[in-house]
Amino acid sequence: MNAATRRGGEAAARAANSRRVQEFGLLIKAATRLEQRIDTVLRRECGIGHTMFEVLIRLCRQRDERVSQRELADDLTLTSSGITRLIDRMEEAGLVRRVPAPGDRRSVLVQPTEHGHAVFLRAAAAHAEVVERYFVTPVAGEDYRRLTNALEVINKALREG
């Protein structure tokens, strides 16, 4: 190995081991592991994955909520084909239904079914248990408030930037 290659390798190792890279890696690992844990519990206890749960959250926020697939795709950062396939699966499972949009024959809205509401309530309880156990409990009182406040600030900066 020549000197230039060795120096490049050393610089790369310093960059890969930098404090910021490691701190951000911890955030990503924690978020990914928490999401995997939630997904596993939701699939086992409710028969839905985390993404379906996210759709149901959006659809259950207000009574008689109806949302376009485009809005759902934007909210969940999915492509239009991705949300179409997801809603197809949810419709087949009896969780949601598509209904015509009032005043726009070309557009459809998605709404939860009664079965969707029931599954959502079970899933929300399971989700809350996992979040409480692995996100809330490990971080004590004031530290938890600082963490959630910091996450709000980060989210705001990303939305505005």
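Here are some short exercises, each with a worked solution, on the predicted model shown above.

**Exercise 1. Describe the overall make-up of the protein chain: how many helices and strands are there, and in what pattern do they follow one another?**

Step 1. Start with the counts: the protein chain holds seven helices and three strands.

Step 2. Now walk along the sequence, and the pattern reads α-α-α-β-α-α-β-β-α-α.

Step 3. Turn to dimensions. The C-alpha atoms fill a box of roughly 70 × 40 × 30 Å along the principal axes. The radius of gyration of the protein chain is 21 Å, whereas a compact globule of 161 residues would have one near 15 Å.

Step 4. Finish with burial and contacts. Of the 161 residues, 28% are buried. Among contacts with a separation of 6 or more, 47% join residues 24 or more positions apart.

**Exercise 2. Follow helix α2 from end to end: what is its span, which of its residues are buried, and what covers them?**

Step 1. Find the helix at residues 19-46, a run of 28 residues. From first C-alpha to last, α2 reaches 40 Å, close to the 40 Å expected at 1.5 Å a residue.

Step 2. Pick out the buried residues of α2: Leu34, Ile38, Asp39, Val41, Leu42 and Cys46.

Step 3. Look at what lies over these buried residues; the cover includes α3 (50-60) and α6 (114-136).

Step 4. Step just past the helix. Gly47 follows α2 and has a positive phi, near 75 degrees.

**Exercise 3. Place Gly116 in its surroundings: is this residue buried or exposed, and which residues does it touch?**

Step 1. Locate Gly116 in helix α6.

Step 2. Check its accessibility. Gly116 counts as buried because its relative accessibility is 0%, and the cut-off for buried is under 20%.

Step 3. List its partners, leaving out residues up to four places away in sequence: Gly116 touches Leu56, Gly94 and Leu95.

Step 4. Take one partner further. Gly116 and Leu95 are 21 residues apart along the chain, yet their C-alpha atoms are separated by 3.9 Å.

**Exercise 4. Compare the linings of the two largest pockets: which elements supply them, and how do their residues divide?**

Step 1. Begin with the largest pocket, which has a volume of about 1,300 Å³. Its lining has 28 residues, and Ala31, Leu34, Glu35, His50 and Leu151 are the closest to its centre.

Step 2. Assign that lining to elements. At least two residues each come from α2, α3, α4 (69-76), α6 and α7 (141-160), and α2 gives the most, with eight.

Step 3. Sort the lining by type: 16 residues are nonpolar, five polar and seven charged.

Step 4. Do likewise for the second largest pocket, with about 190 Å³ of space. Its 13 lining residues include Arg63, Asp64, Glu65, Pro112 and His117, which lie nearest its centre. Here α3, β3 (104-112) and α6 give two or more residues, and the lining divides into three nonpolar, four polar and six charged.

**Exercise 5. Examine Asp64 and Thr77: what is the phi of each, and where is each found?**

Step 1. Take Asp64, in the loop between α3 and β1 (67-68). Although not a glycine, Asp64 has a positive phi of about 60 degrees.

Step 2. Take Thr77, in the loop between α4 and α5 (80-92). Thr77 is not a glycine either, and its positive phi is about 50 degrees.

Step 3. Add accessibility, where exposed means over 50%. Asp64 is exposed at 68%, and Thr77 is exposed at 72%.

Terms used:
Residues numbered from 1 in each chain as written. Predicted model: local features only at pLDDT ≥ 70, side-chain atom pairs only at ≥ 80, totals over all residues. Heavy atoms only, no water. Helix = DSSP H or I, 4+ residues; strand = E, 2+ residues; numbered from the N terminus. Expected span 1.5 Å × (residues − 1). Buried < 20%, exposed > 50% of the residue type's maximum accessible area, 1.4 Å probe, protein only. Contact = heavy atoms within 4.5 Å. 1 Å grid on protein atoms, 1.4 Å probe; cavity = no way out; pocket = protein on both sides within 12 Å on 5 of 7 lines; lining within 4 Å. Points joined across faces, edges and corners; volume = space filled by probe spheres on them. Nonpolar A, V, L, I, M, F, W, Y, C, P; charged D, E, K, R; others polar. Rg over C-alpha atoms; globule rule 2.2 N^0.38 Å.
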